[in-house]
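User: I would like to go through this structure step by step. Please keep the answers short.

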Amino acid sequence: MHARRMLRRAVPALALGLAGATLALLSASCGDDSAASSTGGVPGGAKTIYLTAMEYKGSAEVSKEPLPTAKLPEGGGYVLKDPTGDPPKWEVESYAWAPASFTAVEGDQVTLQIVGINGAKHESELEGHDQQFTVKRGEVTTVTFTAGAPGVYTLVCKTHPPNMTAQLVVLPAAK
Ligand SMILES: [Cu+2]
């Protein structure tokens, strides 16, 4: 009886705590150390966001998993390699940005630091912000811009369509 009453009281407190923690995390992941505004919205500022150009890989022995017969979408973002070696193994690859979404606040001075790990180069564009750039393996490409109107903008790698995309989520500024 007592336990149930306590639980009923604890659950909303826990939910509030989680919401607060999520907001704090959101703030921290953007490199923003200011507190959440009491008037709603998320405070802005200067932010550095770190991204990585990746290539995920998997492989299997033909004797255990046959080579898939269905073709992957064309463009260069996906690669399915015929079996090689002894025992013969096939391989599948997918290019990706990590993380696949990142957040800023309208008006933020944003710096992207993008390192190339896999793939020789990535001809890229951040839509809605007039930013075109190339990410090369072993180098950090720095891209700076002011976060535009609230919305969702796509970071596209034109070398590896259709899947090498990420999303910039721009939140409304605190009033
Ligand atoms: Cu790419």
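User: Is aspartate 130 buried or exposed?
Analyst: This is a predicted model, and the answer rests on relative accessible area. The cut-off for exposed is over 50%. Aspartate 130 has 67%, so it counts as exposed.

User: Where does aspartate 130 lie, and what is its phi?
Analyst: Aspartate 130 sits in the loop between S6 and S7. It is not a glycine, yet its phi is positive. The value is about 55 degrees.

User: Which residue in the turn of the S6 and S7 hairpin has a positive phi of about 80 degrees?
Analyst: S6 and S7 run antiparallel and are joined by six bridges. Four residues separate the two strands of this hairpin. The residue in the turn with that phi is glycine 128.

User: What is the bridge partner of serine 124 in S7, and on which face of that strand is it?
Analyst: Serine 124 has phenylalanine 133 as its bridge partner. Strand S7 covers residues 131-136. Gln132, Thr134 and Lys136 make up its uncovered face. Phe133 belongs with Gln131 and Val135 on the covered face.

User: Is threonine 141 buried or exposed?
Analyst: Threonine 141 lies in strand S8, residues 140-146. Its contacts include Leu112, Ile114 and Phe133. Buried means under 20% relative accessible area. Threonine 141 has 12%, so it is buried.

User: Which backbone oxygen lies 3.1 Å from a polar atom of the threonine 141 side chain?
Analyst: Threonine 141 touches several residues, among them Thr134, Val135 and Lys136. The backbone oxygen at 3.1 Å belongs to threonine 134.

User: Which residues coordinate the copper ion?
Analyst: The donors follow the spacing H-x34-C-x2-H-x3-M along the chain. They sit at 2.0 to 2.4 Å from the copper ion. The residues are His122, Cys157, His160 and Met164.

User: Why is the arrangement around the copper ion called tetrahedral?
Analyst: Four donors count as tetrahedral if all angles lie between 85 and 135 degrees. The ideal angle for four tetrahedral donors is 109.5 degrees. Here the arrangement is tetrahedral because the angles are 101 to 124 degrees.

User: How many residues apart in sequence are the parts tied together by histidine 122 and methionine 164?
Analyst: Both histidine 122 and methionine 164 are buried. Histidine 122 is in strand S6, while methionine 164 is in the loop between S9 and S10. The pair therefore ties together parts that are apart in sequence by 42 residues.

User: Which peptide bond in the loop between S9 and S10 is cis?
Analyst: Proline 162 lies in that loop. The peptide bond leading to proline 162 has omega near 0 degrees. The cis bond runs from proline 161 to proline 162.

Notes: Residues numbered from 1 in each chain as written. Predicted model: local features only at pLDDT ≥ 70, side-chain atom pairs only at ≥ 80, totals over all residues. Heavy atoms only, no water. Donors = N, O, S within 2.8 Å, 3.2 Å for Na, K, Ca; no water. Tetrahedral: all angles 85-135°; square planar, octahedral: opposite > 155°, others 65-115°. Buried < 20%, exposed > 50% of the residue type's maximum accessible area, 1.4 Å probe, protein only. Pairing = 2+ DSSP bridges. Polar contact = N/O pair within 3.5 Å; in protein donor to acceptor, adjacent residues only side chain to side chain. Contact = heavy atoms within 4.5 Å. Lists of a residue's contacts leave out its neighbours within four places in sequence.
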